[in-house]
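Colleague: I'm new to this one and could use a guided close look at a single part. Could you pick a spot and walk me through what surrounds it?

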Amino acid sequence: MPLTRFARTIALIMTVSACMPEQPTQETVTHVQALERVERLIRQTAAALTPPAELELIPYSTPPNPCAWSEDGIPERFSINRKYWLRGLPGEGIVTAARQVHDHWEAQGHAITSTGGFETGHPSITGTSNPDGFVLALAWAEGDNLYLAATSPCLPPQDAPHP
Amino acid sequence: MRAPSAGEAFRRVALLAAEHHTDLDTPTRLMVAHAWVGGGAPHFAAGLATHRGSLQSALALALASLAQAAARLGAPPPPPPSTSTQVPTAPATHGPFRGIDTGAMTALIAALEAAADRLGTAGHRLRAELAALGLPLSPAWTVLRAAEWTAAQCPDLRRRLARIRGSARWIPAGVAAHDLFGTYAVSRDALLARLATGDQAALAQFLALRDAAVPAQVASWWRRLPDGVRRRLVTLPGFGALNGLPAAVRDQANRHLLATEKARLTAELSRLYGPGALASITADLRHLAVPAALLAQDEAVRLLRNIAMIERALALGGVSGHPPAYLLSFDLTGTGRLAVSWGDPDTAAVTVTYVPGLNTRLSAFAGDIDRARVLWQQAQATAGSRTIASIAWLGYDPPQISGTLTPGASVIGDAPARRGATELAAFADGLAAARTGPGRHVVLGHSYGSLVTGQAALLRPGRLADELVFVGSPGVGVDHAKDLGLPADRVWVGEDRNDPVAKLGHFGRDPGSPTFGARPFPVGRNLLQNAHSSYWDVDSASLRNLGRIVNEQYQELENPPALSPLPQLLMPQFGQNENIGNASH
């Protein structure tokens with residue numbers, strides 16, 4: 001049985017994709033600059049906690065993440081991401097730390113876009129940095145750990161090996 | 001006087017019937033409750049059901065016969081008691097990654113032995129009562145045959161159970177069932193014996209089988225093979241596609257095949273175009289660039305590009321904190337077959353299998369492999385010490401739509417999904433059979449892949465997965481979540497409100513609609529052209545929520561707030577990640 005509405009919808013998606021203009025409002029940053037920004041966002045947040053938290057890198061967050069692909073499977077754009085465990089948080093202080101992160105991000109003028117888990121003591125927060133649209137995240141993990149993360153927008157590839 | 005004797009005989013046999021008509025109920029309930037499906041379990045269950053039914057009928061027949069005799073002699077007895085009972089026919093819902101329950105198996109055998117004893121006694125008594133009145137003896141023979149059959153099963157089952165218990169390893173339920181009920185199995189042993197010799201035709205035949213019990217049989221067979229035979233088999237072309245083999249073995253066999261194919265295609269190119277052209281092509285391929293236009297149409301070049309893509313997609317395996325990448329399935333022919341697991345699905349506490357949608361084909365599958373990778377990262381990051389395996393499964397032929405579509409000219413039905421469902425069900429059987437410990441299985445279906453997933457769930461009620469997640473789904477082929485063989489609260493739907501594919505509901509009811517009965521989880525909202533592919537954006541609330549579901553952290557789902565009602569189509573959202581371009585829809 002023909003499902004032309006389904007097919008037409010896919011066609012619409014593909015046509016719109018082809019027509020969308022390039023993002024006009026930001027100058028493109030390099031991967032190095034993006035990484036610096038990611039690190040800075042994370043470190044400033046950790047430093048704003050009381051007491052300031054230490055950071056432990058999560059290794060698998062280091063490779064650049066393909067975020068746009070050609071038709072035949074070649075990654076064309078990448079986002080730069082880092083995740084760090086927050087270490088040295090006081091004993092029962094997960095929710096407190098999360099609230100401090102939330103307040104810090106708001107004070108910096110970033111947008112909080114979602115939260116979850118505060119009621120169970122397992123908080124998570126997603127945000128977007130202003131003015132440059134990096135994704136910010138704080139997330140609870142099993143074992144009562146928290147990690148902080150930042151992700152750049154989708155960037156063109158760089159010639160240099162990944163940061 | 002005969003009349004009192006007939007009446008008294010009736011009362012005695014009524015008591016006997018009351019005591020014995022349920023003698024085979026306990027073993028039957030145990031078979032149903034544990035739903036052992038491996039090996040010959042269905043045949044055994046069928047034999048048991050036959051004898052149970054005939055036992056109850058025989059008792060009813062004997063009572064009727066006695067009642068008639070008593071009535072003829074003038075002393076009508078009370079009406080015969082009921083001798084039939086119902087046992088549940090549907091198995092208790094349980095997931096695929098469960099180990100054997102030796103307690104239940106022991107209980108089964110003990111119940112059979114007890115029943116055999118009791119039925120033997122009952123049959124002899126019944127024979128005596130019927131013979132004393134000159135009535136037909138066939139009901140008694142039926143009861144005695146049931147006793148004999150029941151008794152005859154026990155020695156073999158006991159021996160097999162002892163062997164299972166003697167094994168130090170954790171054994172998946174399906175494999176153990178195969179071991180326990182092996183006597184009853186439809187014999188594929190001859191085919192496996194030929195396969196063990198490296199018989200390519202036998203492999204092809206085995207690869208064509210889709211019966212649910214086959215992977216368990218493969219797992220059981222592989223365990224008993226000597227090392228030398230195993231070493232030879234991993235070099236047999238296509239061997240890595242066999243569901244039920246350990247992940248490490250599939251990986252080894254498929255990588256061997258990949259290397260062999262690469263060498264063969266390279267040699268062919270060298271022969272056709274000379275070593276100079278080959279060097280230039282190889283350099284282009286290292287950058288995944290399209291080699292010189294003249295050669296771009298060459299089939300060998302196309303296949304070598306696919307190989308290069310696969311190798312590049314696997315390159316992060318074991319690097320920078322990533323787990324090893326297991327190549328579970330690999331086939332270059334046709335639209336291609338590829339299944340990659342980040343992390344070992346045989347040992348992981350949770351395995352999540354991602355089923356992609358339209359336009360997925362081997363050459364563009366790198367994006368889907370990467371989606372599985374970022375889902376692995378996200379789930380592992382919040383999982384604590386539990387291990388995660390995240391699989392990208394391209395094991396079917398998705399419908400392909402070309403970029404220039406004429407409305408009305410394209411037909412997308414559900415036939416590819418039904419074929420794909422058979423493949424996915426067999427793949428899931430293979431995952432279950434290869435396990436070395438208990439675990440959870442989650443299947444994530446995207447777009448048309450969600451229809452494949454729904455149809456596969458129908459093929460394996462309660463056994464495909466412990467949890468189903470649908471994102472961007474145009475329908476999954478049923479109208480209610482509970483039709484999928486799982487509790488409705490284990491069926492999840494994520495729909496970006498700008499994802500038009502998710503609104504279609506063409507294949508059954510839209511799973512995002514409240515009447516479908518699945519649990520919605522928030523995935524945020526993206527630009528129209530991104531919405532269908534944005535569920536995996538790194539560190540997005542959507543990806544994190546997928547990770548939460550994988551980890552059963554339901555209280556920790558994040559809820560992105562409703563955004564502005566302004567039209568989003570032509571207004572880029574300030575600050576959103578750009579995700580232009582699509583690996584698959």
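Into which domains is chain B divided? And once that's clear, please take me in close on strand E5 of chain B.

Modeller: Happy to, and keep in mind that this is a predicted model. Chain B is split into domain 1 (2-84 + 91-182), domain 2 (187-233) and domain 3 (346-401 + 412-585). Domains 1 and 3 of chain B touch each other: 13 residues of domain 1 are in contact with 17 residues of domain 3. On the domain 1 side of that contact you'd find 6 nonpolar, 5 polar and 2 charged residues.

Now for the strand you asked about. Strand E5 of chain B covers residues 440-446, and 7 of its 7 residues are buried. Its two faces are both covered. On one side sit B:Arg440, B:Val442, B:Leu444 and B:His446, while the other side has B:His441, B:Val443 and B:Gly445. That every-other-residue pattern is easy to follow, because side chains in a regular strand alternate between the two faces of the sheet.

Next, the neighbours. Strand E3 of chain B (residues 350-355) runs parallel to E5(B), and 6 bridges join the two. If you want one pair to find on screen, look for B:Val352, whose bridge partner in E5(B) is B:Val442. E5(B) also pairs with strand E6 of chain B (residues 467-471), again in the parallel sense, over 5 bridges. There, B:Gly445 stands opposite B:Phe470 of E6(B). To get from E5(B) to E6(B), the chain passes through helix H16 of chain B (residues 448-459), and this β-α-β crossover is right-handed.

For a contrast with that buried strand, hop over to B:Ala204, which is found in helix H8 of chain B (residues 200-207). B:Ala204 counts as exposed because it has 11 C-beta neighbours inside 10 Å, and 12 or fewer is the cut-off for that label. B:Ala204 and B:Thr121 are 83 residues apart in sequence, and their C-alpha atoms are 52 Å apart in space.

Chain A gives you another kind of pairing to set beside the parallel strands of chain B. There, an open sheet of 6 strands goes in the order E1-E4-E8-E7-E6-E5, with antiparallel pairing. Its edge strands are E1 (54-57) and E5 (111-116) of chain A, each pairing on one side only. From one strand to the next, the twist averages 25°. Watch the labels: E5(A) is joined to strand E6 of chain A (residues 124-128) by 5 bridges, and those two run antiparallel.

How values were computed: Residues are numbered from 1 along each chain as its sequence is written. Chains are lettered from A and ligands numbered from 1 in the order in which they are written. This is a predicted model: local features need pLDDT of at least 70, side-chain atom pairs count only at pLDDT 80 or more; totals for chains, interfaces and linings use all residues. Two strands pair if DSSP finds at least two bridges between them. Helices (H or I, at least four residues) and strands (E, at least two) are DSSP runs, numbered from the N terminus. Axes are lines fitted to C-alpha atoms, for helices over the stretch in contact, and angles run from 0 to 180 degrees between N-to-C directions. A residue is buried if 20 or more other C-beta atoms lie within 10 Å of its own, exposed if 12 or fewer, and partly exposed in between; C-beta atoms are placed from the backbone. Domain bounds come from an automatic or database domain assignment. Two residues are in contact if their C-beta atoms, placed from the backbone, lie within 7 Å. Ala, Val, Leu, Ile, Met, Phe, Trp, Tyr, Cys and Pro count as nonpolar, Asp, Glu, Lys and Arg as charged, and the others, Gly among them, as polar. A crossover is right-handed if, with the strands pointing away from the viewer, the path from the first strand over the helix to the second runs clockwise.
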